[in-house]
Every structure is written in C-alpha cells, then in structure tokens.
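Notebook open, coffee poured. I want to go through the contacts, the empty spaces and the aromatic rings in this one.

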Amino acid sequence: MVSHGSELTVTHVDSYFAHIGLPARFQRDQHPSLDAAFLSAIQAHHLCRIPYENVALHYSRAPSISLDVLDIYRKFIENGRGGYCMENNIFLFHVLRVLGFQVYLTGARLYRDASIPTPGWSGWEHAVNIVTLENDAKYVVDVGYGGDGPTVPLPLTTDVVSQNIGTQELRLLYGSVPGLSDKRRDLWTYQFRNGADQTWKPAYAFSEFEFFQRDFEVMSFYTSQSPSCFLTSHFLAIRFLRKGEEVYGKMILDQDKLKENLGGKSILVAKFQHEQERVRILHEHFDIDLTEDEKSAIAGKKSALIC
C-alpha cells in the first residue's frame with residue numbers, strides 16, 4: 001500500500017485505525033484486500049468513533065472550519081473531536097487514497113423538508129466519496145451525513161435497497177430529480193425510509209462529477225459562516241453505536257435534547273436547559289471535553305443555553 005497524492009502518510013493512517021479501533025485483520029501489516037469488506041469496516045468504525053458534530057461553530061470565539069487534511073487529522077485523532085460532513089468525508093477520501101483505493105469526491109445538494117423556513121433543494125452543501133473496486137463496481141461511501149446517513153457502502157446502482165440501522169432502508173435512484181428545473185439532467189438521489197411500509201424521503205442528490213478541494217472550501221465557507229445556514233445557528237452532535245461489527249443505533253444531541261435510537265425510532269433520553277448539562281452530555285456520550293475558554297465562548301450565541 002502506497003500513498004497516492006495525499007499529505008497523509010501511512011503512519012497517520014495507522015494512528016487513525018488505532019483511534020477508531022479497526023480490527024486487527026484490517027491493519028496494514030495484514031495486507032487486507034481493497035474490497036467491500038475492508039471499506040465497510042472502515043466506514044462502520046469511523047462512524048462509531050468520530051462523531052458528526054459542529055462544536056467548533058458554537059464553542060469558539062472565532063468559528064472557522066479548516067478542510068486541510070492535516071488539520072482534520074489533528075482535530076480528529078490528536079484532539080479527539082469530530083466534525084461535519086466535509087471534514088469527515090474529505091478525511092476519509094485521503095485515508096482511502098493512501099490505502100490505494102480508487103476514489104474521488106463529489107458534492108451533493110441537500111434536501112430540506114417542510115420543518116425549516118425554506119424547504120426544497122439546497123446549494124452544494126455536502127460531500128460524498130465514490131469508490132471503484134477492482135471488479136469495477138462503484139460504491140458511495142459517506143461518513144458525514146449525520147443521523148440518517150448510511151452505515152454501509154451503497155452500490156452505485158439504481159433502486160437497490162440496502163439495510164441500515166434497524167428497520168431503516170436506503171437506496172440510490174438515478175434519474176430526473178423532482179423540484180429541479182432541468183429535467184434533462186439525471187442525478188443520483190440518496191433516499192431513506194424507516195420501514196418497508198413508509199414513504200421514501202430524499203436526503204441529497206449528486207452527480208458523478210469530481211469536485212476538488214477548492215470547491216469544498218467555497219462550500220464550507222457558507223456552511224460555517226452564513227447565519228442562514230442551519231449549522232451555524234443550531235448545535236448538533238451524532239454518534240453511532242457499535243456492538244462487534246454491527247452498527248445498531250445512535251445517540252443524538254440536538255440543541256437541548258438528547259435522543260437515542262436503537263434501531264426503531266428516536267426516544268427522548270433527556271431535555272435540559274443549562275450549558276453545564278450539555279457540556280456534561282458531550283463528555284459522557286460523545287467523549288468531547290471542552291476547555292474553559294470554549295465553554296464560555298458560546299455565550300450570546302443563538303445556540304447557547306442558560307449559563
């Protein structure tokens with residue numbers, strides 16, 4: 001396994017594998033095959049160790065997000081934090097490149113439901129990895145969507161249903177996308193439903209066009225700085241739960257509520273009013289410890305609770 005144009009080294013990858021607890025049979029010295037089993041193991045262990053979270057946008061005096069892969073490495077591995085979609089998927093892209101996978105990144109439009117003031121398709125606000133294995137089979141690998149994100153690689157084949165956590169099912173559809181004006185241009189749409197008797201919900205749409213680092217830097221400027229972006233006004237942390245090799249549930253810290261989903265529906269575990277309670281939950285359930293300066297930096301922000 002050799003590096004392919006990444007600032008990450010094999011030493012960084014070894015430290016990452018140790019951090020996420022990847023099983024010994026997938027460590028580099030065992031020379032694992034670059035196949036779907038290896039890809040699936042990396043995805044599951046990443047999701048269950050590195051949370052989706054936007055701590056840096058709220059517990060900071062000058063919120064900013066770096067997409068430099070070495071900055072992300074220090075944040076994830078050395079500082080024990082997580083990140084949002086572009087951080088997670090860009091980091092995974094570099095790991096897969098170092099390992100020798102054929103992989104590239106593309107951007108995606110998110111779909112917002114009627115629960116927010118401006119429902120419908122967003123601009124480019126998300127990133128996903130497209131991986132081609134030796135048999136030319138393509139997969140979407142996403143470790144950055146959050147609560148309804150895939151926990152397994154999804155075959156880039158239209159209308160193939162994959163099982164996610166519990167009764168949740170996932171699929172990719174290829175075709176015209178309702179709500180977009182250009183009906184001639186087909187896109188892939190990632191959809192989920194929480195049971196076979198439920199309606200499919202669109203989550204994001206993407207093409208197979210490769211995006212570069214600078215594209216994501218422009219996207220991330222909006223998602224980290226714009227007051228109209230959900231992420232800058234709302235605190236969120238999500239961590240998936242694993243037993244052995246199975247991802248069986250997730251913990252969700254949504255502003256002032258802690259919810260647990262163990263394969264069925266989300267159940268409210270706790271509702272709280274004070275910053276001290278949220279800081280405690282971040283420590284106990286997400287392994288995130290804030291400095292005193294970070295704790296005080298949220299004061300006055302829309303996402304702040306009572307101090």
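**Entry 1: R171.** I started with a side-chain pair: R171 and D159 are joined by a polar contact of 3.2 Å. Worth writing down before anything else: this is a predicted model. I then looked for other polar partners and found the side chain of Q191, which the R171 side chain meets at 2.7 Å.

Where does R171 lie? I found R171 in strand 7. Buried or exposed? R171 comes out with a relative accessible area of 15%, and since under 20% counts as buried, R171 is buried. Next I pulled the contact list, skipping neighbours within four places in sequence: R171 is in contact with D159, V160, V161, T189, Y190, Q191 and W200. So both polar partners turn up there as well, D159 and Q191.

**Entry 2: the cavity next to that arginine.** I looked up which residues line the second largest cavity, and got L154, P155, T157, V160, S162, R171 and L172. Strand 5 (154-155) and strand 7 (169-175) are the elements that give two or more residues to this lining. By class I noted four nonpolar, two polar and one charged. The space inside is about 30 Å³.

**Entry 3: the other cavity.** How many cavities of 30 Å³ or more are there? I get two. The largest has a volume of about 40 Å³. I listed its lining as L47, I50, P51, Y52, V143, G144, Y145, G146, I238 and F240. Sorted by class, that lining gives eight nonpolar, two polar and no charged residues.

**Entry 4: R239.** Two names from that lining, L47 and P51, came back when I checked what R239 touches. With residues up to four places away in sequence left out, R239 touches L47, C48, R49, P51, K250, M251, H285, F286 and D287. R239 itself lies in strand 10.

I also checked the pair R239 and R49: they sit 190 residues apart in sequence, yet 7.3 Å apart in space, C-alpha to C-alpha. For polar partners I logged two. The R239 side chain reaches the backbone oxygen of C48 at 3.1 Å, and a 2.8 Å polar contact joins the side chains of R239 and D287. R239 counts as buried because its relative accessibility is 11%, under the 20% cut-off.

**Entry 5: the largest pocket.** How much space lies in the largest pocket? I have about 1,200 Å³. Its lining runs to 36 residues, and D113, Y145, G147, D148 and F192 lie nearest its centre. I had already met Y145 in the lining of the largest cavity.

I checked which elements supply at least two lining residues each: strand 2 (102-112), strand 3 (120-132), strand 9 (201-206), helix 6 (230-233), strand 10 (236-243), strand 11 (246-254) and strand 12 (257-261). Strand 10 is the one that holds R239. The class split for the pocket lining is 14 nonpolar, 14 polar and eight charged.

**Entry 6: aromatic rings.** I searched the whole structure for aromatic pairs and got 16. One of them is Y16 with F17, a tilted pair at 5.7 Å centre to centre with 40° between the planes. I looked at burial for these two, and both Y16 and F17 are buried. Which aromatic cluster do they belong to? The one I wrote down is formed by Y16, F17, F26, F38, F76, F91 and F101.

Conventions. Residues are numbered from 1 along each chain as its sequence is written. This is a predicted model: local features need pLDDT of at least 70, side-chain atom pairs count only at pLDDT 80 or more; totals for chains, interfaces and linings use all residues. Side-chain values use heavy atoms; hydrogens and water are left out. On a 1 Å grid over the protein atoms alone, a cavity is a set of points where a 1.4 Å probe fits but cannot get out, and a pocket is an open set with protein on both sides within 12 Å along at least five of seven lines; lining residues have an atom within 4 Å of a point. Grid points are joined across faces, edges and corners, and a volume is the space filled by probe spheres set on the points. Ala, Val, Leu, Ile, Met, Phe, Trp, Tyr, Cys and Pro count as nonpolar, Asp, Glu, Lys and Arg as charged, and the others, Gly among them, as polar. Helices (H or I, at least four residues) and strands (E, at least two) are DSSP runs, numbered from the N terminus. Buried means under 20% relative accessible area, exposed over 50%, partly exposed in between (1.4 Å probe, protein chains only). A polar contact is a pair of N or O atoms within 3.5 Å; within protein, one must be able to donate a hydrogen and the other to accept it, and residues adjacent in sequence count only if both atoms are side-chain atoms. Contact means heavy atoms within 4.5 Å. Rings of Phe, Tyr and Trp (its six-membered ring) pair if their centres lie within 6.5 Å; planes under 30 degrees apart count as stacked, over 60 as edge-to-face and the rest as tilted.
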